[in-house]
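Reader: I'd like a close look at one part of this protein, in plain words. Please pick the spot yourself and walk me through what surrounds it.

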Amino acid sequence: MDREQQLSAVVRDWFRSFTGLLAGTLTIPLDFVAAVLGVKAVEVTELELRRIARYGTAAHADPLTKSRCRRYLGVRWLVGWLGAGVVLMLLLYLSTALSMVSAWLFDTRWALVSDDDVVDTKLIAIATLPGALLIFVTLAGVTGVAALDRWLATTMLGRSQQTLLRQRVAELTSTRAEVIEAIDDERRRIERDLHDGVQQRLVALGMLIGRARRAKSDEQLQDLLGQANDTAGAAMDELREVATRVYPAVLDDSGLNVALEVLAERSSVRVELSNGLRESPGPALETVIYFVVSEAVTNAAKHADPSLVEISVAQGEKAITVVVRDDGAGDADPAGSGLSGLARRVKAVDGEFEVTSPPGGPTTIRARMPCG
C-alpha cells in the first residue's frame with residue numbers, strides 16, 4: 001500500500017469515527033432513559049453495538065443481560081456527551097478559523113470583533129499557531145473518543161482477552177483438523193480418479209497394443225493402432241482433468257480472472273460471471289475462490305439441471321465474497337462430500353461458508369473470506 005492509499009485510509013477511518021460520534025450523540029437520551037428506568041436496556045445496548053460496528057471495529061460482547069446493559073448505558077451516555085463536546089468544539093474552531101480567513105482575504109468586518117477593527121495579517125499570524133493546535137487536538141479527540149466508546153463496550157459487555165484467545169485456539173485447532181480431513185478427501189478422490197479413469201484407459205491401451213502385435217494383416221494393424229491412439233488421447237485428457245482438479249495451471253499462467261472466464265466458457269450450462277476483483281488477493285485465496293466456483297458450477301450441472309448459473313465475486317475493504325446461484329432443482333445437501341469439502345477449504349483461510357438450497361430451488365452458495 002503506497003502513501004496515498006495509506007492517507008486515504010486514515011481520512012476515511014476518521015470520517016467514519018466522526019459519523020459514529022454524531023450518531024452516538026443522537027442516542028444519548030435513549031441511553032439515559034434505559035439506564036435510569038431500565039426501559040428496553042438490552043435493545044438500546046444492541047443498537048449501540050451495531051453503531052460501533054457500523055462506524056468502526058465490532059466490539060466482542062457476551063450474551064446481554066438487563067443488569068449489565070443498564071450499567072453499561074449508565075456510563076455510555078457520559079461518553080456520548082464527551083463525544084458531543086468534541087464535535088461541537090471542532091465545529092466551533094473550524095467555523096471561527098474560516099470566518100477569520102474569509103474576513104482577512106476579502107477585507108471585510110469580522111463578526112467577532114468591534115466595528116472599528118478588521119482582521120489583518122498580524123492578527124492572522126498571532127492566531128495561526130494556537131488555532132491550528134486546537135483544531136489538531138479536536139481532530140485527534142474524535143478518534144480518541146471513538147476508541148474510548150468501543151473500549152467501554154468491550155470492557156463492560158465483552159469477553160476478556162484470555163477468553164478470546166482460548167476461543168481462537170479452539171477454532172484454529174478445529175480448522176487444522178478440518179484441513180487435514182480435506183487433504184485426505186482430496187487424496188482419496190485423486191486416487192479414485194486415477195484408478196477408475198486413467199488406469200483403465202492405460203490397461204485398454206496396453207491390450208490394444210498387444211492385439212496390434214498379433215495382428216495378421218496390415219489393415220487390422222492400422223485399425224488397432226488407430227484405436228490405441230484414440231485411447232491414449234482419452235487417457236491424456238483424463239490425466240489433464242485430474243491435474244486441473246489438483247491445481248489449475250491457468251491460475252499460474254493467467255491469473256484468477258482469466259481462470260474464472262475459462263471456467264464459465266467451458267461449463268456445460270449457461271453461466272453469467274460478475275467479477276469485482278480489483279487486484280489479486282494472493283495465491284492461497286485465488287485457489288480457494290477458484291475451487292469454490294468450480295465445484296459449485298460442477299455440482300449444479302451434475303445434480304440440479306439448471307438453465308442458468310450466476311457467479312458473483314465482490315471485493316470489499318476487508319473481505320472477498322463469492323456467491324454462486326443456480327435456478328435448478330435445489331435441495332442440495334451441505335453435508336455432501338463436495339460441499340463439505342468446499343466448506344473446509346473456506347474455513348482453512350478463516351472464512352465463512354453457507355449453503356441455501358430449498359426444495360425446488362434456487363440454490364445459493366456463499367463464501368466470505370478475509371483479505372488484506
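Author: Let's start with the second largest cavity, where α4 gives the most to the lining, with five residues. By cavity I mean a set of points on a 1 Å grid over the protein atoms alone where a 1.4 Å probe fits but cannot get out, and a lining residue has an atom within 4 Å of a point. Helices here are DSSP runs (H or I, at least four residues), numbered from the N terminus. Keep in mind that this is a predicted model, with local features needing pLDDT of at least 70 and side-chain atom pairs counting only at 80 or more, while totals for chains, interfaces and linings use all residues. Residues are numbered from 1 along each chain as its sequence is written, and side-chain values use heavy atoms, with hydrogens and water left out.

So who is around that space? The lining is made up of Leu21, Gly24, Thr25, Arg76, Val79, Gly80, Gly83, Ala84, Val145 and Asp149. At least two of these residues come from each of α1, α4 (66-106) and α5. By class there are four nonpolar, four polar and two charged residues; Ala, Val, Leu, Ile, Met, Phe, Trp, Tyr, Cys and Pro count as nonpolar, Asp, Glu, Lys and Arg as charged, and the others, Gly among them, as polar. The space comes to about 40 Å³, a volume being what is filled by probe spheres set on the points, which are joined across faces, edges and corners.

Searching the whole structure turns up two cavities of 30 Å³ or more. The largest has about 80 Å³ of space, and its lining is Ser17, Gly20, Leu21, Arg51, Ile52, Tyr55, Gly56, Ala146, Asp149 and Arg150. Two or more lining residues come from each of α1 (3-26), α3 (41-54) and α5 (121-157). The mix is four nonpolar, three polar and three charged residues. Look for Leu21 and Asp149 in both linings.

Now follow α3 and α5 away from that wall. Their axes come within 10 Å and cross at roughly 135°, where axes are lines fitted to C-alpha atoms over the stretch in contact and angles run from 0 to 180 degrees between N-to-C directions. The two helices are therefore oblique to each other, the label left over once angles under 35 degrees (roughly parallel), over 145 (roughly antiparallel) and 65 to 115 (roughly perpendicular) are taken out. Their crossing is left-handed, meaning the near helix is turned anticlockwise from the far one by less than a right angle. From α3, Thr45, Leu49, Arg51 and Ile52 make the contact, and from α5 it is Asp149, Arg150, Ala153 and Leu157; contact means heavy atoms within 4.5 Å. That group splits into four nonpolar, one polar and three charged residues. Arg51, Ile52, Asp149 and Arg150 belong both to this contact and to the lining of the largest cavity.

Finally, α3 also meets α2 (residues 28-37): the axes come within 9 Å and cross at roughly 145°. This crossing is left-handed too. Leu30, Asp31 and Ala34 of α2 touch Ala41, Val44, Leu47 and Glu48 of α3. Here you get five nonpolar residues, no polar ones and two charged.

Notes:
1 Å grid on protein atoms, 1.4 Å probe; cavity = no way out; pocket = protein on both sides within 12 Å on 5 of 7 lines; lining within 4 Å.
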